[in-house]
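Hi,

Here is the structure I promised to pass along. Have a look at it first, and then read on for what turned up when I went through it.

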Amino acid sequence: MRKGERTRQAILNAAEAQFALSGYEAVSIRQVADAAAQHLGVVTYHYPNKELLFEAVVARRAEELTQRRKERLSDLVDPTIEALLDAFLDPFRDKVEGGSDGWRRYAQILAHIAQDARWAPLVDRLFGETGRKFISLMREVEPRLTLDTATQGYVHLISVMVGLFASTKLLDRLSNGKMSSDRLSENYDQAIAFLAGGMRALAAQSPSMPDAKAFSGKADIGLPSENAPSN
């Protein structure tokens, strides 16, 4: 690895740790420079402001995660709802459970930004294509889902995902220590069952069957335009 790339990775590692611990607003560029053992000018040379640095931190692992999700989703043949959910979630679970501390920190950062409208354009740019593909595939697996209900289901899925992988310790507190957020494999199976039941419940509430032509051929990875009528 060239010196410039090593420096960038050191900055991103330090920034990731700081953002995961304190959130975006509480972290300064100087704190990141100190944590990375770099001069402030070196950090600002690579990342002129904090927002660009934060976006680089989020984007760094997104590419790897997205690629693995695409592979898993493309390999599915006549999946159940549970299998589709697993194909989407398991690549992240695998990284958080078996990877470095960096992936666990990354999960905490995604939990910070997933429900924050400020970062919606960034999240959509990095993860939107895969999200749209998942929505389309879910409508193939469960044809009673409309575009609206499938999209709502995907939003609920993301909320469960970030809570599951960020290890918030809420489960520990509510159960007085009988259960643990760190028992990821055990909690994962329960989350899949919960989400699958929720998707089926949304499908049962759908007022009518979606347009059949939406399910011809391979799944479309894009959503209709804003001006197109929804089901």
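**What I found**

Among the contacts in the protein chain between residues at least 6 apart in sequence, 71% join residues at least 24 apart. Before going further, please keep in mind that this is a predicted model. The chain has ten helices and zero strands, and the pattern along the sequence reads α-α-α-α-α-α-α-α-α-α. Of its 231 residues, 41% are buried.

**Starting at H1**

Helix H1 covers residues 3–22, and its length checks out: at 1.5 Å a residue, its 20 residues should span 28 Å, and the end C-alpha atoms are 29 Å apart, which agrees. Right after H1 comes Gly23, with a positive phi near 85°.

Which residues of H1 are buried? They are Thr7, Ile11, Leu12, Ala14, Ala15, Glu16, Gln18, Phe19 and Ala20. As for their partners, the buried residues of H1 pack against helix H2 (29–36), helix H3 (40–46), H4 and helix H6 (101–113).

Take H4 from that list. The axes of H1 and H4 come within 10 Å and cross at roughly 95°. That makes H1 roughly perpendicular to H4, because angles of 65 to 115 degrees count that way. On the H1 side, the residues that meet H4 are Gln9, Ile11, Leu12, Asn13, Ala15, Glu16 and Phe19, and on the H4 side they are Lys50, Leu53, Phe54, Ala56, Val57, Arg60 and Arg61. By class, this contact divides into eight nonpolar, two polar and four charged residues.

For H2, try clicking on Gln31, which sits in that helix. Gln31 has a relative accessible area of 34%, so it counts as partly exposed. Its C-alpha is 8.9 Å from that of Ala14, although the two residues are 17 apart in sequence. Setting aside neighbours within four places in sequence, Gln31 is in contact with Gln18 and Ala26.

**H4 with H7**

H4 (residues 50–74) also meets helix H7 (residues 120–141): their axes come within 9 Å and cross at roughly 15°. Angles under 35 degrees count as roughly parallel, so that is how H4 and H7 run relative to each other. The crossing of H4 past H7 is left-handed.

The H4 residues that make the contact are Glu55, Val58, Ala59, Ala62, Leu65, Thr66, Arg69, Lys70, Leu73 and Ser74, and from H7 come Leu122, Arg125, Leu126, Phe127, Glu129, Thr130, Lys133 and Leu137. Sorted by class, the contact of H4 with H7 has nine nonpolar, three polar and six charged residues.

Thr130 deserves its own look here. Is this H7 residue buried or exposed? Thr130 has 4% relative accessibility, so it counts as buried. Leaving out neighbours within four places in sequence, Thr130 is in contact with Thr66, Arg69, Lys70, Leu73 and Phe88.

**H5 with H10**

Further along, helix H5 (residues 81–98) and helix H10 (residues 184–205) have axes that come within 10 Å and cross at roughly 150°. An angle over 145 degrees counts as roughly antiparallel, so H5 and H10 fall in that group. H5 passes H10 in a right-handed crossing.

From H5, the residues taking part are Ile81, Glu82, Leu85, Asp86, Leu89, Asp90, Arg93, Val96 and Glu97; they meet Leu184, Ser185, Tyr188, Ile192, Leu195, Ala196, Met199 and Arg200 of H10. The contact of H5 with H10 has ten nonpolar residues, one polar and six charged.

**Two loop residues to check**

Most residues other than glycine have a negative phi. Two loop residues go the other way:

- Asp78 has a positive phi, near 45°, and is not a glycine. Asp78 lies in the loop between H4 and H5, and with 74% relative accessibility it counts as exposed.
- Asn176 is not a glycine either, yet its phi is positive at about 55°. Asn176 lies in the loop between helix H9 (170–174) and H10, and at 70% relative accessibility it counts as exposed.

That is the tour. Happy to go through any of it with you.

Cheers

Key:
Residues are numbered from 1 along each chain as its sequence is written. This is a predicted model: local features need pLDDT of at least 70, side-chain atom pairs count only at pLDDT 80 or more; totals for chains, interfaces and linings use all residues. Side-chain values use heavy atoms; hydrogens and water are left out. Axes are lines fitted to C-alpha atoms, for helices over the stretch in contact, and angles run from 0 to 180 degrees between N-to-C directions. Helices (H or I, at least four residues) and strands (E, at least two) are DSSP runs, numbered from the N terminus. A crossing is left-handed if the near helix is turned anticlockwise from the far one by less than a right angle, and right-handed if clockwise. Contact means heavy atoms within 4.5 Å. Ala, Val, Leu, Ile, Met, Phe, Trp, Tyr, Cys and Pro count as nonpolar, Asp, Glu, Lys and Arg as charged, and the others, Gly among them, as polar. The expected span of a helix is 1.5 Å times one less than its number of residues. Buried means under 20% relative accessible area, exposed over 50%, partly exposed in between (1.4 Å probe, protein chains only).
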